[in-house]
Amino acid sequence: MQIKELLNYLKINSSDSRTISEVVTSTKDVTPNCVLILTKGHSLDPCLLLNNEIKKSCLAILTDRPIDGTYFVMNLKSRVFEIMDFVYFQFKHSFKIIGVTGTEGKSSLSKIIFQGLKLINKTFNHHHRKNTC
């Protein structure tokens with residue numbers, strides 16, 4: 001999806017045709033060409049963690065209040081799911097997701113699946129984030 005599609009959906013005029021790589025909600029997860037969604041938490045203001053490196057990596061930074069170099073989105077905290085759905089629905093039929101859950105063996109099974117996909121030359125993105133449910 002192009003960044004202009006998301007921004008125009010949010011009623012922000014844009015003609016930027018660069019492609020969004022992913023949408024993240026933490027400065028720790030920023031990757032090149034991502035969209036970063038930052039909302040003030042109970043005790044931490046993540047906007048204080050913004051630096052030039054993060055700003056350069058992101059196609060857009062969406063915030064819940066006006067800050068230079070970001071896009072202000074009214075009621076952003078309550079719209080995060082809506083934004084994620086809008087972006088990822090576009091890709092819904094273009095990829096498969098393999099989820100591994102359970103009490104024991106998730107890492108081992110994930111590695112087996114990974115190796116199996118490599119053996120049959122499947123193209124894939126392998127994202128592993130620790131401490132997720």
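## Overall layout

Helices and strands here are DSSP runs, numbered from the N terminus; a helix needs at least four residues and a strand at least two. On that basis, the elements of this predicted model run α-β-β-α-β-β-α-α from the N terminus on. That order holds four helices and four strands.

The protein has 133 residues, and buried ones make up 29% of them. The exposed surface comes to about 9800 Å², with carbon and sulfur atoms supplying 53% of it. Take the contacts between residues at least 6 apart in sequence: 42% of these join residues at least 24 apart.

## The sheet

How are the four strands ordered? They form an open sheet, β1-β2-β3-β4, with parallel pairing. β1 and β4 (71-72) stand at the edges. Each has a single partner strand, so one side of each lacks a neighbour in the sheet. Strands of a sheet pair through backbone hydrogen bonds, either parallel or antiparallel.

Five bridges link β2 and β3. C34 stands opposite C58 of β3. L38 has T63 of β3 as its bridge partner. T63 also has a bridge partner in β4, namely F72. Two bridges join β3 to β4, and these strands run parallel.

Is β3 largely enclosed or open? Six of its six residues are buried, so the rest of the structure largely encloses this strand. The cut-off for buried is under 20% relative accessible area.

## Nonpolar cores

In soluble globular proteins, nonpolar side chains tend to be buried together. In this model the largest nonpolar core has 19 residues. I3, L6, I20 and L62 have the most contacts inside that core. Four elements each supply at least two of its residues: α1 (3-9), β2 (34-38), β3 (58-63) and α3 (76-89). The largest share, five residues, comes from α3.

Another core lies apart from this one. It has nine residues, among them V30, L36, L38 and L50.

What does I3 touch? Leaving out residues up to four places away in sequence, I3 touches D16, R18, I20, V35, L59 and A60.

## Around the N terminus

Q2 sits in the segment before α1. Its relative accessibility is 26%, so Q2 counts as partly exposed. Beyond residues up to four places away in sequence, Q2 touches D16, S17, R18, T19 and I20. Q2 and S21 are 19 residues apart in sequence, and their C-alpha atoms are 9.3 Å apart.

L10 lies in the loop between α1 and β1 (23-24). Is L10 buried or exposed? At 7% relative accessibility, L10 counts as buried, because the cut-off is under 20%. Setting aside neighbours within four places in sequence, L10 is in contact with L62, V73, R79 and I83. The C-alpha atoms of L10 and Y71 are separated by 9.8 Å, though the two residues are 61 apart along the chain.

## The aromatic pair

A pair of aromatic rings is described by the distance of the centres and the angle of the planes. How many such pairs does the whole structure hold? A search finds one. The partners are Y9 and F86, and the pair is stacked. The ring centres are 4.0 Å apart, with 10° between the planes. Planes under 30 degrees apart count as stacked, so the 10° angle fits that label.

Y9 belongs to helix α1 and F86 to helix α3, so the pair ties together parts 77 residues apart in sequence. Y9 has a relative accessible area of 31%, which means this residue is partly exposed.

## Helix α4

Helix α4 covers residues 106-119, 14 residues in all. What span should α4 have, at 1.5 Å a residue? The expected span is 1.5 Å times one less than the number of residues. For α4 that gives 20 Å. The end C-alpha atoms are 20 Å apart, so the model agrees with the expected value.

Just after α4 comes N121, which takes a positive phi of about 60°.

Terms used
Residues are numbered from 1 along each chain as its sequence is written. This is a predicted model: local features need pLDDT of at least 70, side-chain atom pairs count only at pLDDT 80 or more; totals for chains, interfaces and linings use all residues. Side-chain values use heavy atoms; hydrogens and water are left out. A nonpolar core is a set of buried Ala, Val, Leu, Ile, Met, Phe, Trp, Tyr and Cys residues joined through side-chain atoms within 4.5 Å. Buried means under 20% relative accessible area, exposed over 50%, partly exposed in between (1.4 Å probe, protein chains only). Contact means heavy atoms within 4.5 Å. Rings of Phe, Tyr and Trp (its six-membered ring) pair if their centres lie within 6.5 Å; planes under 30 degrees apart count as stacked, over 60 as edge-to-face and the rest as tilted. Accessible areas come from the Shrake-Rupley method with a 1.4 Å probe; for residues, only the protein chains shown count as cover. Two strands pair if DSSP finds at least two bridges between them.
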